[in-house]
2 protein chains.
Amino acid sequence: MASSTKAVGATLRDIAKEVGISVSAVSMALRDHPRIGPETKSRVMTVAEQLGYVPNSAGRALRARKADAVALIVPNTSQHVFGHTYFMHVLTGVTAVANDNDAQVMISTNPDESHGMAAYERVMRSGRVDGAIVTSAAVTDNNVERLVRSGLPLVLLGNFPYLPNSISVGIDDRAAAFEATSHLIEVHQRRALVHISGPLDHQSAIDRRDGFFDAIQTHDVTGHLLLGDYSEESGARAVEDVTDIDGVFAANDEMAFGAMTRLRERELTVPAEISIIGFDDFGLSRVTTPSITTMHVPAERMARLATERLFDLVSGVAVTQADAHVTLPVNLVTRGSCGC
Amino acid sequence: MASSTKAVGATLRDIAKEVGISVSAVSMALRDHPRIGPETKSRVMTVAEQLGYVPNSAGRALRARKADAVALIVPNTSQHVFGHTYFMHVLTGVTAVANDNDAQVMISTNPDESHGMAAYERVMRSGRVDGAIVTSAAVTDNNVERLVRSGLPLVLLGNFPYLPNSISVGIDDRAAAFEATSHLIEVHQRRALVHISGPLDHQSAIDRRDGFFDAIQTHDVTGHLLLGDYSEESGARAVEDVTDIDGVFAANDEMAFGAMTRLRERELTVPAEISIIGFDDFGLSRVTTPSITTMHVPAERMARLATERLFDLVSGVAVTQADAHVTLPVNLVTRGSCGC
DNA sequence: ACTAGATGCTCAAACGTTAGAGCAATGATC
DNA sequence: GATCATTGCTCTAACGTTTGAGCATCTAGT
């Protein structure tokens, strides 16, 4: 005998029967409608409590055309691209704000590569959620554009300059990269730099690379590009054969760590001979030896803001062009790997 | 002008009107019912495609009494207790299996301390999800017991010996701790050990402590208990004033790292003078210097298994007493911190 | 030609909730 | 004592989907 404890509990009708009034009266009583007598209200409350009544959200959603839930969409591509930790910070922020708004959070990862964003659009159109947060996807991913155009409440996490009509929350990657690189040059007198980039079909990787070269040009030092993919392994590989450098700026901490490890295997000392700076500060950079100087990205705060904006959107608050794109400040966290 | 693109799309009725048949016929056509003509079916498909029809899940859930979604419940207490990384592994496993079952995943964190498990029970009873995975909660948290007793489909992640009627997926923490401790004694000849425990209102912390003392007794060496709370800081604090030891077994990697860092600040060398072993292997232990020998916990696989069992439960597959509690094997990953 | 069965659809009802219209009482006002 | 507002509830319909029963129409078998 496997089953069927009628797990789903009491309904309004059960309460109505018990109290001896109509279903609508019960509904109104529970919502504290002024036209229901105090006597009745308290009886309804009592019985509801006894029966362990919990409103059925399908019924409610159907009637109200509102799900009281938001989706956190994670393009599968970025699941590889971003480390686990980034996502945790995002999740923490999203759930916190969702809780404040009495809403649930759905995690929407891609079932398989071929479906692309279609799966997400289905989730959104199904009425299961009222809106969604999309974490940075590849610039080549035109599904994001489709989602934006669909007009469903949507907030993007990251920068999408090619989607001006979207709502987004991000940081100024280019300026941040400029600052990090300048730190190597100005504070540590480094003159022969390399940048280990992320995958260049991601906006963050593009911007960080551009910021690096901005700094190279501004300070008139030498700088070269090494291609990475945000993975530790790619950071290590990038510096495999590199010679005559005294500074590395990696587009994230994983690659900085990979590079640092490999350089030390090659008997090059960090930070004595080579200064290294990473990006993100999602956890890794603090625990390595030496610890990694990095550009701190306030991921949780970005997520909170994005989610707050999403709830604004859902409740119909107008968003002006001016505040469609929010940029949060970042700050350089100096640690051992640069020589500070 | 803020709003109202009638974001929620076409319904069965729209298709019915367009094709010129009844709503039920459309529904049947879309579900490929044999009693609907091929001609009609293809017309329905075409129009559905054109209109971008997506079934409304509230309507469906209401009718089918099934949400096609599962919840991942994270007691807020354990959000502090477990590092971010553990949760990521779990989430990866859960979403993968949920995707395979065409189900969505809801993240349910606790809105505030006072509500306790009531919030989760609400989520489950609301019909929003068909079942839930609960990650290890404190043994003192009787809300878990309530949830188990409620009879709703539920799989616990971790060990709950005091809830024999539950379904759970875990590891043998005690045996694993015994093995880790024995490694310090047998392989590295350590004779004066300490155990930095997790918070002892968590079953995993209790079992790991017990396994430690099992090994101490079996091998007849000295062993002392230092209380921690699974945080890096607590690991550091634990070994602040400790003297005359040559081995540390920490109940997780964060504490092992904290302890290692503090011991080295105290000019004690790891692993030359003191061997350290941690627990979990969720990421941290691999990247420190020295890297930390640890007991690898297959969190993602546990999560997958738990979720698969949950879907069994939801679909009414009977679970016998014999396979109610699954225990997965763990393995010691030897790294630098023990001297290997 | 008449019945039996297959085929292709329509109809009604149900899932649980809620908002608005409606309808009896009661109490107040002139 | 008729009028009117207030109070406290009931009734109806609707959200979108699905399913079993029902009802024509056509085909095949006698």
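This short talk goes through a predicted model of two protein chains with two DNA strands, taking the relation of the chains, the DNA contacts and then some local features.

Let me start with how the two protein copies are arranged. As general background, two copies of a chain are related by a rotation about an axis and a shift along it. Here, chain A can be superposed on chain B with an RMSD of 0.2 Å, using a turn of 180 degrees and a shift of 0.1 Å along the axis, which means that the relation is that of a two-fold axis. Both copies use the same surface, in that 98% of the contact residues of chain A recur in chain B.

Within chain A, the domain assignment gives domain 1 as 12-54, domain 2 as 66-171 + 300-328, and domain 3 as 173-297 + 332-338. Between domain 1 of chain A and domain 2 of chain A, the C-alpha centres are 38 Å apart.

Turning to the DNA, I will take strand D before strand C. There are 26 residues around DNA strand D, and those that come nearest are Gly37(A), Thr40(A), Arg65(A), Tyr53(B) and Arg63(B); of the atoms of this strand that come within 4 Å of the protein, sugar and phosphate make up 56%. Two contacts to phosphate oxygens of DNA strand D can be named, one from a backbone N or O atom of Gly37(A) at 2.6 Å, and one from a side-chain N or O atom of Arg60(B) at 2.8 Å. A base is reached as well, since a polar side-chain atom of Arg63(B) lies 2.3 Å from a base oxygen of DNA strand D. As for secondary structure, at least two residues of the surface near DNA strand D come from each of helix 2 (23-30) and helix 4 (57-64) of chain A, and from each of helix 1 (12-19), helix 2 (23-30) and helix 4 (57-64) of chain B. That surface is made up of 10 nonpolar, nine polar and seven charged residues.

And which residues are closest to DNA strand C? They are Tyr53(A), Arg63(A), Gly37(B), Thr40(B) and Arg65(B), out of 25 residues that surround the strand. A polar backbone atom of Asn56(A) is 3.1 Å from a phosphate oxygen of DNA strand C, whereas bases of this strand are approached by Gly59(A), with a backbone N or O atom 3.0 Å from a base nitrogen, and by Arg35(B), with a polar side-chain atom 2.8 Å from a base oxygen. Helix 4 of chain A contributes the largest share of the surface near DNA strand C, namely four residues, and the surface as a whole has nine nonpolar, nine polar and seven charged residues.

Finally, some local features away from the DNA discussion. Over all chains the count is 34 salt bridges, and one of them pairs the side chains of Arg262(A) and Glu265(A) at 3.1 Å, N to O; because these two are three residues apart in helix 12 (residues 253-265) of chain A, about one helical turn separates them.

Most residues other than glycine have a negative phi, and most peptide bonds are trans. Against that background, Val270(A) and Pro271(A) are joined by a cis peptide bond with omega of about 10 degrees, and Pro271(A) sits in the loop between helix 12 and strand 9 (275-280) of chain A. A cis peptide bond likewise joins Val270(B) and Pro271(B), with omega of about 5 degrees. Gln189(B), although not a glycine, has a positive phi of about 55 degrees, and its place is the loop between helix 9 (173-187) and strand 6 (192-197) of chain B.

Terms used
Residues are numbered from 1 along each chain as its sequence is written. Chains are lettered from A and ligands numbered from 1 in the order in which they are written. This is a predicted model: local features need pLDDT of at least 70, side-chain atom pairs count only at pLDDT 80 or more; totals for chains, interfaces and linings use all residues. Side-chain values use heavy atoms; hydrogens and water are left out. A residue is near a molecule or strand if one of its heavy atoms lies within 4 Å of it. A polar contact is a pair of N or O atoms within 3.5 Å; within protein, one must be able to donate a hydrogen and the other to accept it, and residues adjacent in sequence count only if both atoms are side-chain atoms. Ala, Val, Leu, Ile, Met, Phe, Trp, Tyr, Cys and Pro count as nonpolar, Asp, Glu, Lys and Arg as charged, and the others, Gly among them, as polar. Copies are superposed by least squares on the C-alpha atoms of residues with pLDDT of at least 70 in both. Contact means heavy atoms within 4.5 Å. Domain bounds come from an automatic or database domain assignment. A salt bridge is a side-chain nitrogen of Lys or Arg within 4 Å of a carboxyl oxygen of Asp or Glu.
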